[in-house]
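Me: I should like to work through this structure by question and answer. Please explain each step before giving the result.

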Amino acid sequence: MQAIVYTTYGSPDVLQLNDVEKPTPKDNEVLVKVHAASANPADWHLMRAEPFLARLENGLLQPKNTKLGADVAGRVEAVGRNVTQFHVGDDVFGSMPLNQLGGFAEYVCASEELLALKPARMTFEQAAAVPLAAFTALQGLRDKGQIQPGQRVLINGASGGVGTFAVQIAKSFGTEVTGVCSTRNVDMVRSIGADHVIDYTQADFTKNGQRYDLIFDAVGNRSVSDFKRALSPNGICAVAGFTSLSRLFQVMLLGGKKIGMMETAKANKKDLVFIKELLEAGKVVPVIDRCYPLREVPEAIRYLEAGHARGKVVITVEQNNKT
Ligand SMILES: NC(=O)c1ccc[n+]([C@@H]2O[C@H](COP(=O)([O-])OP(=O)(O)OC[C@H]3O[C@@H](n4cnc5c(N)ncnc54)[C@H](OP(=O)(O)O)[C@@H]3O)[C@@H](O)[C@H]2O)c1
């Protein structure tokens, strides 16, 4: 089969479309013929081994797992002998853990505990756009952020892969949502349900006198004192990303109990089913910026790395019956 592989850390130039062995499912795994995948910042962090700590996970000098791609949607081609929840021919979607990426390929094996049936009315591209970004938004808002109905919630980075899910998931919890994005994305962020939108090129949400019960930061470009100014007295700030190591360490060391990094989002069946129900109810609709074919994963990653994706960057895997 064909897959995007990298054998050395570096820029998107290290990514190659190669013929590799088709994987075989273990007893608890499902072999999925991938129809679509989606790109996440985790892909370029691992590809570049940035920050350096990524090397502790995936090999000091060169990558141990040479594949990328967490999110997939596709059709079950084979099942391991202990698999009970899926059958050959089922359409599924889900996300692989960061140490087992492999979605940028024609086939991937995944534990049945990490997959769910694809909502029937969604395309493979739409379904593949969802898992990791939606897990991050849900786990950041619910677990770190302790979201409650009626709260005033601010989403920084509301127009990105994670932010577009965070706006919609926060609305589904019955909150009043303010999204922060640049001028060209204001209408889109309003269209996915934000009650208020702040254009960060025109105004600074930490200096407008407003206070929020929960801030979910999907950018990681603000200081702890910025957050303190914008939080209500018992407010919580959940930070998902960071734009520099100094920002990361500042939040970790000076944030205290209320301002902190969320844990790395974890793929799991319970949350996937929760998100699937939001999708089926029409409460969450994935926003897709661009679709690239499998051979153009390097361009897709280059685009994502530039930091201005509008929703998700999706990879369409052409179906080649020879594989
Ligand atoms: N903790 C975890 O488990 C976890 C999981 C997934 C992702 N993350 C992290 O979460 C962050 C977001 O991920 P993502 O997939 O959403 O990335 P993304 O899709 O690349 O985010 C791009 C978005 O960021 C917005 N943005 C850039 N500068 C901004 C600014 N100054 N103020 C407000 N918005 C700004 C852009 O909007 P404009 O074009 O309008 O500027 C764009 O829409 C990343 O740092 C990622 O590493 C963490």
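Me: Which strand gives the most to the lining of the second largest pocket?
Reply: The model discussed here is predicted. In the second largest pocket, the strand that gives the most to the lining covers residues 107-111 and supplies three residues. The strand asked for is β6.

Me: How much space lies in the second largest pocket, and which residues are closest to its centre?
Reply: Rolling a probe the size of a water molecule over the atoms shows where empty space is left. In the second largest pocket this space is about 250 Å³. The pocket is lined by 14 residues, and those closest to its centre are P23, E29, Q100, V108 and C109.

Me: How many residues in the lining of the second largest pocket are charged?
Reply: The lining can be divided by class. Six of its residues are nonpolar and five are polar. The charged residues number three.

Me: Which residues come nearest to the ligand, and how many surround it?
Reply: The residues that come nearest are S159, S182, Y200, A265 and A309. Helices α1 (41-48) and α5 (161-172) each supply at least two residues of the shell. By class, the shell has 11 nonpolar, 14 polar and two charged residues. The number of residues around the ligand is 27.

Me: What percentage of the ligand's exposed area does the protein bury?
Reply: Polar contacts can be considered beforehand: a side-chain N or O atom of N185 is 2.8 Å from an oxygen atom of the ligand, and a backbone N or O atom of A265 is 2.6 Å from an oxygen atom of the ligand. In addition, a backbone N or O atom of A240 lies 3.3 Å from a ligand nitrogen atom. Taken alone, the ligand exposes 930 Å², and the share of this that the protein buries is 86%.

Me: In what sense do β3 and β4 run, and which residue is the bridge partner of A37?
Reply: Strands β3 (residues 29-39) and β4 (residues 71-79) are joined by eight bridges and run antiparallel. The partner of A37 lies in β4. That residue is V72.

Me: Which residue in β5 stands opposite D71?
Reply: β4 also pairs with strand β5 (residues 91-95) in the antiparallel sense, over five bridges. Opposite D71, in β5, stands S95.

Me: Which residue is joined to P51 by a cis peptide bond?
Reply: P51 is placed in the loop between α1 and α2 (54-58). A49 is found in the loop between α1 and α2 as well, and its phi is near 55°, a positive value in a residue other than glycine. For the cis peptide bond, omega is about -5°, and the residue joined to P51 is E50.

Definitions and conventions. Residues are numbered from 1 along each chain as its sequence is written. This is a predicted model: local features need pLDDT of at least 70, side-chain atom pairs count only at pLDDT 80 or more; totals for chains, interfaces and linings use all residues. Side-chain values use heavy atoms; hydrogens and water are left out. On a 1 Å grid over the protein atoms alone, a cavity is a set of points where a 1.4 Å probe fits but cannot get out, and a pocket is an open set with protein on both sides within 12 Å along at least five of seven lines; lining residues have an atom within 4 Å of a point. Grid points are joined across faces, edges and corners, and a volume is the space filled by probe spheres set on the points. Helices (H or I, at least four residues) and strands (E, at least two) are DSSP runs, numbered from the N terminus. Ala, Val, Leu, Ile, Met, Phe, Trp, Tyr, Cys and Pro count as nonpolar, Asp, Glu, Lys and Arg as charged, and the others, Gly among them, as polar. A residue is near a molecule or strand if one of its heavy atoms lies within 4 Å of it. A polar contact is a pair of N or O atoms within 3.5 Å; within protein, one must be able to donate a hydrogen and the other to accept it, and residues adjacent in sequence count only if both atoms are side-chain atoms. Accessible areas come from the Shrake-Rupley method with a 1.4 Å probe; for residues, only the protein chains shown count as cover. Two strands pair if DSSP finds at least two bridges between them.
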